[in-house]
Amino acid sequence: MASTRDGRDWKPEYLVAIDPAKCIGCGRCFKVCGRDVMTLKGINDEGEYIDDDDEDADEIEKKVMVMADGGACIGCGACARVCPSNCQKHEAVAA
């Protein structure tokens, strides 16, 4: 188990998934994460992800956060604390 700087026990819980059906694309999680774990993508009516600079960008139905680099997550939980839609799944990883 990890510990805080003053020695208290702390068990990180890492971001492992974002539910696109629940995500409202507000970007709050992206703003508090300094590790580029997530990115904003468009979703078309067929549920396919589209980049903003893609030629099909005019087909975007809504924007949602997606995992960009899950391995960069340090398990701090900042994203979960600011998420208004509870769309993220976090898990502790066994050592």
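This passage describes the cavity, the nonpolar core, one loop residue and the cysteines of a predicted model.

The search for internal space covered the whole structure. One cavity of 30 Å³ or more was found. The largest cavity holds about 80 Å³ of space. Its lining consists of 14 residues. Five of them, C23, C26, C29, C83 and C87, lie nearest the centre of the cavity. The lining can also be sorted by residue type. Ten of its residues are nonpolar, three are polar and one is charged.

The nonpolar core was examined next. The largest such core contains 15 residues. Within this core, L15, I18, C23, V37, M38 and M65 touch the most other members. Three strands each supply at least two residues of the core: β3 (14–18), β4 (38–43) and β6 (62–67). The greatest contribution comes from β6, which gives three residues. C23 thus appears in two settings: it is among the residues nearest the centre of the largest cavity, and it is among the core residues that touch the most other members.

The contacts of I18 show this part of the structure in detail. With residues up to four places away in sequence left out, I18 touches C23, M38, M65, V66, M67, C87 and Q88. Among these partners, C23, M38 and M65 are, like I18, core residues with the most contacts to other members. C23 and C87 also belong to the cavity lining.

A loop residue gives another view. G34 sits in the loop that runs between α1 (28–32) and β4. G34 counts as exposed because its relative accessibility is 76%, and exposed means over 50%. In sequence, G34 and C73 are 39 residues apart. In space, their C-alpha atoms are 9.5 Å apart.

The cysteines were then checked for bonding. A disulfide is a covalent bond between the sulfur atoms of two cysteines. Zero disulfides were found in the whole structure. Why is C26 without such a bond? The closest cysteine sulfur to that of C26 is in C29, 6.2 Å away, which is too far for a bond. The cut-off for a disulfide is a sulfur pair within 2.5 Å. For C73, the closest cysteine sulfur is in C79, also at 6.2 Å, so this pair too is too far apart for a bond.

Is C26 buried or partly exposed? C26 is partly exposed, because its relative accessible area is 33%. C73 counts as buried because its relative accessibility is 17%, and buried means under 20%.

Notes: Residues numbered from 1 in each chain as written. Predicted model: local features only at pLDDT ≥ 70, side-chain atom pairs only at ≥ 80, totals over all residues. Heavy atoms only, no water. 1 Å grid on protein atoms, 1.4 Å probe; cavity = no way out; pocket = protein on both sides within 12 Å on 5 of 7 lines; lining within 4 Å. Points joined across faces, edges and corners; volume = space filled by probe spheres on them. Nonpolar A, V, L, I, M, F, W, Y, C, P; charged D, E, K, R; others polar. Core = buried A, V, L, I, M, F, W, Y, C linked by side-chain atoms within 4.5 Å. Buried < 20%, exposed > 50% of the residue type's maximum accessible area, 1.4 Å probe, protein only. Helix = DSSP H or I, 4+ residues; strand = E, 2+ residues; numbered from the N terminus. Contact = heavy atoms within 4.5 Å.
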